[in-house]
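Subject: Structure for your review

Dear colleague,

Please find below the structure that I am handing over to you. My notes on what was found in it follow directly after.

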Amino acid sequence: MSRMLIKGGTVVTATEIMDADVLIEDGAVVAIYARGAGGVAGDLARAVAEIGAVTVIDAAGKYVMPGGVDVHTHMELPFGGTYASDDFESGTRAAAWGGTTTIIDFAVQTIGESMMSGYEQWMAKAEGRCAVDYGMHMIVSDVNDQTLKEMDTLIADGVTSFKLFMAYPGVLYSDDGKIFRAMQKASENGGMIMMHAENGIVIDVLREQAILRGQTDPIYHSVTRPPVTEAEATHRAIAYAELAGAPLYVVHMSAKEAVAEVAAARDRGLNVFGETCPQYLYLGWNNLREPDFEGAKYVCSTPVRNWDDGHQDALWQGLATNDLQVVSTDHCPFCMNDHPTLGTQKRLGEGDFTKIPNGLPGVEERMQLLYDGAVAEGRLNLNRFVEVTATTPAKMFGLYPRKGTIAIGSDADIIILDPDTTRTMSVEHNHMDVDYTCYEGKEIHGSIDVVLSRGRVLIEGGEYHGSPGDGAFLPRSTSQYLL
Ligand SMILES: [Zn+2]
């Protein structure tokens, strides 16, 4: 039996802040006891000391928190003739460096093929390579009678959430009838429908017109995906979900008008949820306008938006009031310049923004960025930080309480964060397989010093102690967050 004691820290969960020590046995939390309480707690501390063979980690002056749960990543996703530059090995190792101990990635169904074959392909890519535990969502790009049956099979396998696209006509897009049929199925079998909510048909018209006008720079990626295209699609998805009686989780929200749609649906008592990502909380048109094609770094969909229009404030407010429930990354990196094996990536779109691969890096930076922006800057409290980065994502996608909290019996996926440090973000400190960060030079408070995955030390003393294959596949139950 392996034992570890995390001593002297302040344990933070979504509901508690307590000066307590955490005892881990064989990868799970087995005791949490308050310091200075004397009595039984004191006896327990002494008993643990007497057992011996306990690895002690000193967390004095630091926060002991659940490892991050990032429910939206795209390792080695094929997009626009290339692949996301992080594979499951490099991407999950970078996640560990950044304090994320669970990811949920997306298996992709290819049009004309079964969902199961897409699922098996993605499982093979991840098998034996991940640094942290991982689950899978399924991207549904071809709804038909067979697909609908396969949804039941996947749920039985622990893949309980299905992403559909109202954007990208001809590639991942599903029309309204297909979306509605998938929702009807989800209302029967308990699946969660995840929606990329943008009106891709209208966006394609705007993109074509922009290119004809010679508007080819990265900024036009956002200009041609105006807030109304997100808000309209969000409204429509909510209407269909309500009619079908299915839960709906709107991914990567960036427009305040779309957040208002989710808020209105929630006020009516619907199982409608919203996710946002650090890029929408921190980045905007000023980034897309950086000269010399540098704006391509920030091209993702939904797009980063005009700072002056109040979207960022609305997103932070949505997180504070629980109109938005989750912060994920949509991690999908492409190199600005040549990648050693993948070649030219973002520069595919030089002179034509429609050819810039959509996506940016983030899996390593989410926890730090959110801690800084939420807690250090005072926008959210410590408990809410844990809730939106770990606890709710775990509940939303059926991993709670194994993941997303520090409780008796939970996996010992734990981070130790030192709030008293400041550092400067830079690509030089990062471990993602990509040649830039969107946050170069940004000063942030707090550092994640220790990362445990099921009680194993992955990060300590500025070094990575894990290896590929440490992470295991996580079959998930259906959502635990429904009304
Ligand atoms: Zn995505």
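How do the residues of the lining of the second largest pocket divide into nonpolar, polar and charged? They comprise four nonpolar, eight polar and four charged residues. Please bear in mind throughout that this is a predicted model.

**The second largest pocket**

This pocket encloses about 310 Å³ of space. Its lining is made up of 16 residues, and those nearest the centre are Trp 97, Gln 368, Arg 423, His 431 and Ile 448. Strand β18 (residues 443-453) gives the most to this lining, namely three residues. Val 450 also has its place in strand β18. With a relative accessible area of 8%, Val 450 is buried, because the limit for that class is under 20%. From Val 450 to Glu 232 the C-alpha to C-alpha separation is 43 Å, with their positions 218 residues apart in sequence.

**The largest pocket**

The largest pocket has a volume of about 580 Å³. It is lined by 27 residues, and Phe 79, Gly 80, Tyr 168, Val 171 and Leu 172 lie nearest its centre. By class, the lining of the largest pocket holds 15 nonpolar, eight polar and four charged residues. At least two lining residues come from each of β8, α3 (115-126) and α6 (200-212). The largest share is that of α6, which supplies four residues.

**The zinc site**

Four residues coordinate the zinc ion, at 2.0 to 2.5 Å: His 72 and His 74, each through NE2, Lys 163 through NZ, and Asp 330 through OD. The angles subtended by the four donor atoms run from 78 to 170°, so the arrangement is irregular. For a tetrahedral assignment, all angles would have to lie between 85 and 135 degrees. Along the sequence, the spacing of the donor residues is H-x1-H-x88-K-x166-D. Within this set, His 74 and Lys 163 link distant parts of the chain, being 89 residues apart. His 74 sits in the loop between β7 (68-73) and β8 (78-79), whereas Lys 163 belongs to strand β12 (residues 161-165). Both His 74 and Lys 163 are buried.

**Cavities**

The structure holds three cavities of 30 Å³ or more. The largest cavity has a volume of about 160 Å³. Of the 16 residues that line the largest cavity, His 74, Leu 77, Phe 79, Tyr 168 and Asp 330 lie nearest its centre. Two of these residues, His 74 and Asp 330, are also zinc ligands. Phe 79 and Tyr 168, for their part, are also among the residues nearest the centre of the largest pocket. The lining of the largest cavity has eight nonpolar, six polar and two charged residues.

The second largest cavity contains about 50 Å³ of space. Its lining consists of Ser 254, Tyr 280, Leu 283, Val 304, Arg 305, Asn 306, Trp 307, His 311 and Gln 312. These divide into four nonpolar, four polar and one charged.

**Strand pairing**

Eight strands form an open sheet with parallel pairing, in the order β7-β10-β11-β12-β13-β14-β15-β16. The edges are taken by β7 and β16 (326-327), each of which has a single partner strand, so one side of each is left without a neighbour in the sheet. Strand β12, which carries the zinc ligand Lys 163, stands between β11 and β13 in this order.

At one edge, β7 pairs with strand β10 (residues 100-108) in the parallel sense over four bridges. The bridge partner of Asp 70 in β10 is Ile 103. Although β7 is an edge strand, six of its six residues are buried, so β7 is largely enclosed by the rest of the structure.

At the other edge, strand β15 (residues 272-276) and β16 form two bridges in the parallel sense. Here Thr 276 has Val 327 in β16 as its bridge partner.

Strand β6 (residues 63-66) takes part in two further pairings. With strand β2 (residues 10-12), β6 pairs in the parallel sense over two bridges, and Tyr 63 in β6 is the bridge partner of Thr 10. With strand β17 (residues 414-424), β6 pairs in the antiparallel sense over four bridges. In that pairing, Pro 66 stands opposite Ile 414.

Yours sincerely

Definitions and conventions: Residues are numbered from 1 along each chain as its sequence is written. This is a predicted model: local features need pLDDT of at least 70, side-chain atom pairs count only at pLDDT 80 or more; totals for chains, interfaces and linings use all residues. Side-chain values use heavy atoms; hydrogens and water are left out. Donors are N, O and S atoms within 2.8 Å of the metal (3.2 Å for Na, K and Ca); water is not among the atoms, so sites may look incomplete. Four donors count as tetrahedral if all angles lie between 85 and 135 degrees; four count as square planar and six as octahedral if opposite donors are over 155 degrees apart and all others between 65 and 115; anything else is irregular. Buried means under 20% relative accessible area, exposed over 50%, partly exposed in between (1.4 Å probe, protein chains only). On a 1 Å grid over the protein atoms alone, a cavity is a set of points where a 1.4 Å probe fits but cannot get out, and a pocket is an open set with protein on both sides within 12 Å along at least five of seven lines; lining residues have an atom within 4 Å of a point. Grid points are joined across faces, edges and corners, and a volume is the space filled by probe spheres set on the points. Ala, Val, Leu, Ile, Met, Phe, Trp, Tyr, Cys and Pro count as nonpolar, Asp, Glu, Lys and Arg as charged, and the others, Gly among them, as polar. Two strands pair if DSSP finds at least two bridges between them.
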